[in-house]
Amino acid sequence: MGNLTKTVFIFGDKKAEGNAEMKNLLGSKGANLAEMNLLGIPVPPGFTITTEMCKIYLEEGHDKLISIIKNEVTASIKFIEERTGTRFSDAENPCFVSVRSGSRASMPGMMDTILNLGINENIVEGLIKKTNNARFVWDSYRRFIQMYGSVVMNVRAEAGDFADPFEEILEKEKKQKCYQSDNDFNAEDLKNISKSFKQLVKKSTGKDFPNDPWEQLWGAVTAVFESWMNERAVYYRELNNLPQEWGTAVNVQAMVFGNMGQNSATGVAFTRDASTGEKTFNGEFLINAQGEDVVAGTRTPRQITTEGSRRWASLSGIGEDIRCRDFPSLEEMMPEIYQELAGCAQMLELNFKDMQDIEFTVQEGKLWILQTRNGKRTGAGMVKMAVDMLHENLLDEKTALLRVDPKRLDELLHPIFDQDEIIKACCIAQGLPASPGASSGRIVFFTEDAQVWSSKGENVILVRMETSPEDLKGMVAAQGILTARGGMTSHAAVVARGMGKCCIAGAESLKIDYKQRTIQTENLTLKEGDWISLDGSTGKIYKGKLKTSEGQLSVDFEKLMNLADQHARLKVRSNADTPMDVMTALRFGAKGIGLCRTEHMFFDDDKIMAMREMILADNEAGRRKALAKLLPMQRKDFEDIFRLMNGLPVNIRLLDPPLHEFVPHDEKIQKELADELGIPHEIIKKKIESLYEFNPMMGHRGCRLGTTYPEISEMQTAAILEAALHIKYEGIESLPEIMIPLTGTVEEMQIQKNIINQTAEKIFEQYDDRIPYLLGTMIEVPRAALIADKIAEHAEFFSFGTNDLTQMTYGYSRDDSGKFLPMYLEKSILKHDPFQVLDQQGVGQLITMAVQKGKAGRPNLKIGICGEHGGEPSSVEFCHNEGLNYVSCSPYRVPIARLAAAHAAINEENNRSITSRQNASKAICFENYHF
Ligand code: PEP
Ligand code: MG
C-alpha cells in the first residue's frame with residue numbers, strides 16, 4: 001500500500017497541500033481544487049481524503065478506514081470551521097459541507113455526491129434565525145434528505161416502478177398545489193416535504209434519518225468510497241478502459257449555496273465549445289438553484305454569455321424582447337460576476353493548457369469555483385481544439401497530436417443526412433444540438449428496451465424526459481439520444497458528447513408519456529418502435545428514417561492528419577477490393593493497398609458464373625477453359641485499381657476461401673445453374689456435396705488451392721501482370737505485390753513462387769516488356785511464424801494475417817466465437833475480444849519471432865499487417881514497436897491508424913527521454929554516493 005502516513009490533504013485561502021500533479025493520490029478533482037487555490041482562484045475551503053483510503057475501505061472495511069482517518073478528518077473539519085467562521089454541529093452558526101467523489105480520470109455522474117451535509121431539524125431552526133430565509137433553509141434540508149437517503153441509505157424505487165420515490169413526492173405535491181416548478185414551493189411546503197421524505201426513509205430502510213452531523217459525515221465518506229464499485233461506475237470504467245484498482249478520492253468542502261435567492265446562482269462553464277471545438281466561452285446557469293439542478297436538466301437553464309443566449313433563443317424560436325425579459329444571460333444579469341468568471345476560466349485554461357469544464361456557484365453576489373476539469377468533447381471538437389491550441393502556441397505538435405484519441409476520429413468520418421432528404425423530411429420538433437451526428441432509429445423509452453432491441457440488431461433512439469447515470473447502458477446501446485428537458489450541460493448532453501453519440505437535448509415541445517410509451521407533438525403522436533431521425537448538429541428531429549451521405553472532412557482534420565504523417569514511422573495502407581473502396585482509402589490518406597482480397601471480385605454477376613464453371617469442372621482442361629473467361633474480367637479489375645493508385649503499392653492476394661463458398665447450396669439456384677451450364681442437376685448436386693468440409697477454415701483453402709489447382713494461381717498472376725503492363729502503356733506506373741495466402745510450409749511457398757515467377761516470365765516474353773513486382777506471403781498460420789527465416793528466403797515481404805493467426809493461436813473459430821466470447825469478456829476471462837484487439841502476449845510473441853526470424857532470413861524483408869487489428873490503436877502501437885513497415889486496415893479506419901501510428905512514434909520518443917532522464921538521475925545519485 002502507498003502513502004498511509006498522510007491520508008488527508010487540505011486546501012483553502014489560496015494555499016494547498018496538494019497540486020495538479022497529484023492526481024493519482026488526490027484524484028483529478030482534489031488535485032485541481034488544490035491547484036486552483038495555488039492560482040488564487042476563489043474556492044471554498046476543504047480537504048481531500050486520498051485514493052489509498054478507498055483501497056483500505058474496499059479491502060478492510062468501514063472500521064479500519066475510520067480508525068485511520070478519524071484524527072486527520074477531525075482536524076481538517078476544524079480547518080474549514082476556522083476559514084468559514086462556522087462550527088460543525090452548531091445550531092446557531094452551523095458549518096455545512098459537500099462530500100464528492102473524484103478519481104484520476106473524470107467519470108461524470110457515475111459515483112456519488114452529497115450536498116448540504118451537517119444539517120438537522122435543530123440546525124434548521126437555528127439557521128432560519130440566522131439567515132431569516134426559511135425557504136432556503138427548508139429547501140437545503142429537503143435536498144440533503146433526498147441525496148443522503150438515496151446515496152447512503154439506498155432508498156430506491158419499488159420493483160416495477162420507474163420513478164425516483166423522492167421525485168414522486170415532489171411531483172405529487174407540485175400537482176396538488178398547481179405549481180409550475182420546484183421554485184414555487186414555499187417554506188411550509190418544503191418543511192412538509194422534508195417530513196414526508198423522512199417517513200419514506202423510515203418506511204423503506206426501517207432506520208431513522210441520522211441527525212448527528214458526524215454520523216452523517218462518516219456515512220457519506222464511506223458511501224462515496226463504496227460508489228467506486230457501483231454497477232454503473234464499474235461499467236463506465238470497462239467502457240473507457242480505466243483500471244478498477246485506481247479507487248476514488250473523497251473531497252469534503254465547505255458548502256456554498258446557489259439557492260439563497262435571486263442574487264445566488266449555480267452553473268457550468270466551458271472555455272471552448274465542447275461540440276464544435278470553437279473558441280467561445282459558453283455555459284449555462286440557473287438562478288436560485290443548486291448544482292444538481294443544472295446537470296439533472298429538470299429546469300431550463302439560461303446561457304452565460306449574451307451571444308450564446310441569443311443563439312439559444314433563435315434556435316428555440318424566442319424573440320429578443322422575450323429573451324431579454326425571461327431568459328437574460330449571466331453577462332446581462334450579473335455583469336461583474338460574469339467578468340470574474342470569464343477571467344478565472346481564461347486563467348484555468350492557460351494553466352491546464354486544455355479546454356476546462358468549470359462548475360461555479362454564486363452565493364449572495366459572491367463567485368465561488370467548485371471544480372475544474374478537462375472538458376469532455378466530441379471527436380470534431382477534439383480535432384479543432386488540438387489544431388487551434390497548436391496555432392495559439394498553447395501546445396507543441398506532439399502534445400496536440402496526443403490530445404486526439406484516434407478512436408474518436410470515427411465520428412468525423414461517418415455520414416450526415418442527405419441534404420435532399422432533409423428538404424423533403426417532416427421536422428416534428430427542435431431541441432438543442434447537444435452532440436452532433438446523424439442517426440435514425442426506432443423509439444424506445446427505457447434503458448432495458450434499448451439494450452434488448454439493439455441486441456436484436458435494431459437501431460434505436462433512446463427517448464427520455466432527461467437521462468441520469470442509470471441510463472448509461474441504454475445510451476451505449478442506442479444510436480442517438482433525445483431528451484425533452486435539460487440543456488447543453490445536462491447529463492444526456494455531456495455523456496453523449498463523451499461517447500461521440502448523436503444527442504438532442506431539451507426538446508421541450510415533446511410530451512413524453514412513459515406509461516403509454518408515446519411522444520406527443522402539437523399534431524402528431526409517435527409510439528414505441530416508430531422511426532425517428534436526429535440531426536445532432538442542428539437539433540432538428542424528423543419523423544421516419546432519413547438517408548445519409550458522406551460528410552465533408554474539415555480543414556483542421558486534414559492539418560492534423562498531415563501532422564500525424566510527419567511524426568509517424570509506420571505507413572498506413574488500406575484493405576480494398578473495389579474501386580469504390582480504393583477511392584475512399586485514398587480520400588482518407590492511404591499510402592497503398594495492403595490487401596486486395598481477389599475472391600471478393602468473383603462475386604459479381606458476370607464473374608460468378610465462370611467461377612462456378614471452374615469449380616464444377618471435372619478436369620484441368622475444364623478449369624482452364626473457365627479461367628480463360630475469368631482472366632480478362634480480373635485483369636480489368638486490377639487495371640481500374642492500379643489506375644486509381646497511380647504508382648502506390650498494391651498488394652494482391654491470390655484466391656483464399658474454400659471453394660464451397662462460391663457455389664449455390666439452394667436447390668432452386670442449383671437447378672438454374674444446371675440449366676445454364678447444360679449439366680444435369682444431379683451431377684452438380686453431387687459435385688457441390690463433395691466440396692463439403694467439416695472445418696472449412698482449416699480445410700481446402702489458401703495456398704492449398706493454388707497448390708492443388710496451379711492453374712488458378714497462373715490465371716491470377718497473369719491478370720495482375722498484364723493489367724500492370726496495360727496501364728504502363730497509358731503512362732501510369734504500378735507497383736504490384738503478389739501475395740500467397742495461408743502458407744505453412746517452405747515447400748508450399750516454393751511451389752507457389754515457381755508458378756508465379758514462371759507465369760511472369762511467360763507474360764514478359766509475350767509483351768516483350770517487364771514490370772517490377774514483389775512476391776511474398778501472408779503469415780497467418782502459426783507454423784509460418786515458427787519457420788519464418790526459411791520462408792523469408794523465398795518471400796520478399798510478409799503480411800501478418802492476424803485474423804487467422806488469432807484464430808489458430810487461440811483455437812477459437814472466427815465464425816463461432818460469438819457463442820462464448822461475450823461471456824468471456826463479461827467475466828473478464830479475456831480482457832478484450834482478441835479478434836479486435838491484438839493479443840500481444842500470445843499472438844504478439846509469434847509476430848515478434850516471425851519479424852526477427854524473417855529479417856534474419858532476408859534483412860530487407862518488407863513487413864506489414866493486414867488483419868482487422870491494423871486499424872486498432874493499441875495493435876498499431878505494437879506493430880510500430882515491432883518495427884513493421886506498414887499497417888493495413890479497412891478504408892474508414894485509415895485516419896485512425898494514421899493518428900495511432902503518430903502516437904506510437906511520439907510515445908516511443910517520450911518513453912525514451914523518460915528512461916534517459918531516469919538513467920541520468922541514477923548516475924547523479926551514484927556520483928553523490930562516491931563523494
Ligand atoms: C487474416 O487472416 O488476417 C486476413 C487478413 O485474411 P482473411 O481475413 O481474408 O482471412
Ligand atoms: Mg486469413
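Me: Which protein donors hold the magnesium ion (ligand 2)?
Reply: In this predicted model, the donors are Glu-780 (OE) and Asp-804 (OD), lying 2.0 to 2.1 Å from the ion. Glu-780 sits in the loop between β29 (774-779) and α31 (782-786), and Asp-804 in helix α33 (residues 802-810), so the pair ties together parts that are 24 residues apart in sequence.

Me: Is Glu-780 buried or exposed?
Reply: Buried means under 20% relative accessible area. Glu-780 has 1%, so it is buried. Asp-804, at 2%, counts as buried too.

Me: Which residues are closest to ligand 1?
Reply: A residue belongs to the shell if one of its heavy atoms lies within 4 Å. Here 14 residues surround ligand 1. The closest are Arg-597, Gly-801, Asn-803, Asp-804 and Arg-814.

Me: Where are the polar contacts of ligand 1?
Reply: Look for N or O pairs within 3.5 Å. An N or O atom in the Arg-597 side chain is 2.8 Å from a ligand 1 oxygen. For the side chain of Glu-780, the distance is 3.0 Å. Gly-801 uses a backbone N or O atom, 3.3 Å from an oxygen of ligand 1. Taken alone, ligand 1 exposes 290 Å², and the protein buries 95% of that.

Me: Which element gives the most to the shell around ligand 1?
Reply: That is α33, with three residues.

Me: Which residues form the nonpolar patch on the surface?
Reply: They are Met-580, Met-583, Leu-586 and Leu-644, with about 350 Å² of accessible area together. Helix α23 (residues 579-587) supplies the largest share, three residues. Leu-644 lies in helix α25 (residues 620-645). At 31% relative accessibility, Leu-644 counts as partly exposed.

Terms used
Residues are numbered from 1 along each chain as its sequence is written. Chains are lettered from A and ligands numbered from 1 in the order in which they are written. This is a predicted model: local features need pLDDT of at least 70, side-chain atom pairs count only at pLDDT 80 or more; totals for chains, interfaces and linings use all residues. Side-chain values use heavy atoms; hydrogens and water are left out. Patches are made of residues with over 30% relative accessible area and no salt bridge: like charges are joined within 9 Å, nonpolar side chains (Val, Leu, Ile, Met, Phe, Trp, Tyr) within 5 Å. Accessible areas come from the Shrake-Rupley method with a 1.4 Å probe; for residues, only the protein chains shown count as cover. A salt bridge is a side-chain nitrogen of Lys or Arg within 4 Å of a carboxyl oxygen of Asp or Glu. Helices (H or I, at least four residues) and strands (E, at least two) are DSSP runs, numbered from the N terminus. Buried means under 20% relative accessible area, exposed over 50%, partly exposed in between (1.4 Å probe, protein chains only). Donors are N, O and S atoms within 2.8 Å of the metal (3.2 Å for Na, K and Ca); water is not among the atoms, so sites may look incomplete. A polar contact is a pair of N or O atoms within 3.5 Å; within protein, one must be able to donate a hydrogen and the other to accept it, and residues adjacent in sequence count only if both atoms are side-chain atoms.
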